[in-house]
Amino acid sequence: MIKDITLGQFFPGKSVIHRLDPRIKLLLTVIYIVMLFVADTFAGLGAGVLFMLISFLLSGIPLKMMLKSIKPLLPIILFTGILNLFFISTGDILFEWGIIKITSGGVTTMIFMASRIVLLICGTSLLTYTTSPITLTDAIERILSPLKVIKFPAHEIAMMMTIALRFIPTLIEETDKIMSAQKARGADLESGNIIRRAKALIPILIPLFVSAFRRAEELALAMECRCYRGGEGRTRLKQLKTAPRDYVATAVAVLFLAAVIVLNRFSPL
Amino acid sequence: MGIIRTENLTYVYGEGTPFRKVAVDGVSLDIDEGEIVGIIGHTGSGKSTLIQHFNGLLKPTSGKVFIDGEELFADKSRLKEIRFKVGLVFQYPEHQLFEETVYKDIAFGPKNMGLSDGETDRRIRETARLVGLREELLEKSPFELSGGQKRRVAIAGVMAMEPKVLILDEPTAGLDPRGRDRILGLIKEYHAEKGTTVLLVSHSMEDVAKTVSKILVMNDAKVFMYSDRSSVFAKSAELTSMGLTVPQVTRVFDRLREMGIEFEDEVFSVDYAKDLVMRLLAEKRG
């Protein structure tokens, strides 16, 4: 069913990772990504794996959920892996057949690229699994707020993101309902060529847009009724505060980054 | 065998996830042709899920559904055909309107059935009359109409398919009392004129009581009972424990009977109650 699409994939919990300040978590994710791209030895990548493993174990997210987040990107991982395998021709030749040549350099790059992508997905998924979308946009607003000096609408952008996230499930549900209603009137969404199928979408898209506009108008009215006047002078119910654990986490991440850089230099691999 | 029959129908949402929920649990039903049935139950009792099985929008997790003697999902290529026998009007059906004119919107269903233009035109005019839409409204945009009118256009869109069974999910939700009476009135008229089977889903006992002859009570994904009005309302204590109520006027008259006033019939509507009171008063006066 269409409802199975998860966009906000927050997995509620009370672990240390969940409780970290979302701003710090964003920062940690950036450090982690840098770590992955700086690493060009297996030892460096191993440090990345270790960092990921520690965060994952601390978060208490089931392994199944993590695997689920990798699954949809598996074709891309395989595709890049295979491309690297065949098109990189450095190192010793391990296998040759006609024009196909597999070299040790190709194998190394393939393993490297694939694990980098997997680690990247795991890291960012961990961020969205442990941080609710609303807190995440809050954090983004706070991180971007210094840019207000140059008239950057940080609050407005964060509010727009919050509203968009809030309405994704609602609109999915709505689409589901409209699809059922039109199917009940004999709409055929599954057969015919591409033009017929595109045409069959009209009875779904028009009501969907109409309802999205109606909701937008109602929401704007409701916000105005509650005296919403933009970000100026607004206080928050939940203040973001950093705690000692946030500094510890940052220190650990920086140490790992340093380790990766050092390993790049001195590791034989 | 009735027009709609289910055997041990079970439907589970989100099987294999932490959000698993049994929405319909082992429902076996047999609804006769030409019946006008009210389906009641509080929110989340499985009414809406149940009716979506009747035209194959949902596939049962286990169990079988028969429409007009034919099993749904036995042959996938027949599904569309069977679907045309069961017209389903969803909650807030006006949200599905999309065409430029009311006429074209009502035509959507009949066109999908592959009917000729002449036949489509006949059906549109007939249903428009049935739901009380004036001719000149047919050329207007459905988005210019009032809420009640939009709803009637949407209902007409399903009626124009002339299904053997018409199912309406909360057709009066969000309407004012006048709009509500109007919709219920036209459903009754449609039933009287066409003689087709009508299923009316609602959580308003008042609405159901004055419109239908038989009532199906759903509770916690199961059928609590399926019987005629008076035997259902006789179980007022059980209904109350399920979060449902017997119509106010029925309660008043039950109380009057307990107080020793004698009359034969069960009272379900205010109109009928008025007549009865007048008659009783006239008798008393001699």
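These are my notebook entries on an interface, a pocket and a few backbone angles in this structure.

**Entry 1: what I am looking at**
I am working with a predicted model, so I read every value below as computed from that model.

**Entry 2: the interface of chains A and B**
I began with the contacts: 21 residues of chain B touch 18 residues of chain A. Next I looked up the buried area, since the size of an interface is often given as the accessible area lost when the parts come together. The two chains bury about 1,700 Å² between them, and carbon and sulfur atoms account for 63% of that area. Which residues of chain B lose the most area to chain A? They are B:His95, B:Gln96 and B:Phe98, which together make up 31% of what that side buries.

**Entry 3: polar links across the interface**
I then turned to the pairs that join the two chains. I found four residue pairs in polar contact across the interface, with both residues at pLDDT 80 or more. On the side of chain B that touches chain A, I noted three elements that give two or more residues: helix H2 (79–83), helix H3 (102–112) and helix H5 (147–159) of chain B. H3(B) gives the most, with four residues. Sorting that side by class, I get 11 nonpolar, seven polar and three charged residues.

**Entry 4: salt bridges**
Over all chains, the count comes to 26 salt bridges. How many salt bridges are there between chain B and chain A? The count is two. I looked up one of them in detail: B:Lys80 pairs with A:Asp188, with the closest N and O atoms 3.6 Å apart. On the chain B end, B:Lys80 sits in helix H2. On the chain A end, A:Asp188 belongs to the loop between H8 and helix H9 (194–200).

**Entry 5: the second largest pocket**
My next stop was the second largest pocket, with a volume of about 1,300 Å³. I find 44 residues lining this pocket, and those nearest its centre are A:Ile134, A:Asp138, A:Thr162, A:Arg236 and A:Lys238. Several helices of chain A supply at least two lining residues each, among them helix H1 (16–19), helix H2 (22–38), helix H7 (133–144) and helix H11 (244–266). Which element gives the largest share of the lining? It is H8(A), with seven residues. By class, I count the lining as 15 nonpolar, 13 polar and 16 charged residues.

**Entry 6: positive phi angles in chain B**
I finished with the backbone. Most residues other than glycine have a negative phi, so I made a note of two residues that have a positive one. B:Phe73 has phi near 70 degrees, and this residue lies in the loop between strand E5 (70–71) and H2 of chain B. B:Ala221 also has a positive phi, about 70 degrees. Where does B:Ala221 lie? I place B:Ala221 in the loop between strand E9 (214–219) and strand E10 (222–228) of chain B.

How values were computed
Residues numbered from 1 in each chain as written. Chains lettered and ligands numbered in written order. Predicted model: local features only at pLDDT ≥ 70, side-chain atom pairs only at ≥ 80, totals over all residues. Heavy atoms only, no water. Contact = heavy atoms within 4.5 Å. Buried area = accessible area lost by both parts, 1.4 Å probe. Salt bridge = Lys/Arg side-chain N within 4 Å of Asp/Glu carboxyl O. Polar contact = N/O pair within 3.5 Å; in protein donor to acceptor, adjacent residues only side chain to side chain. Nonpolar A, V, L, I, M, F, W, Y, C, P; charged D, E, K, R; others polar. 1 Å grid on protein atoms, 1.4 Å probe; cavity = no way out; pocket = protein on both sides within 12 Å on 5 of 7 lines; lining within 4 Å. Points joined across faces, edges and corners; volume = space filled by probe spheres on them.
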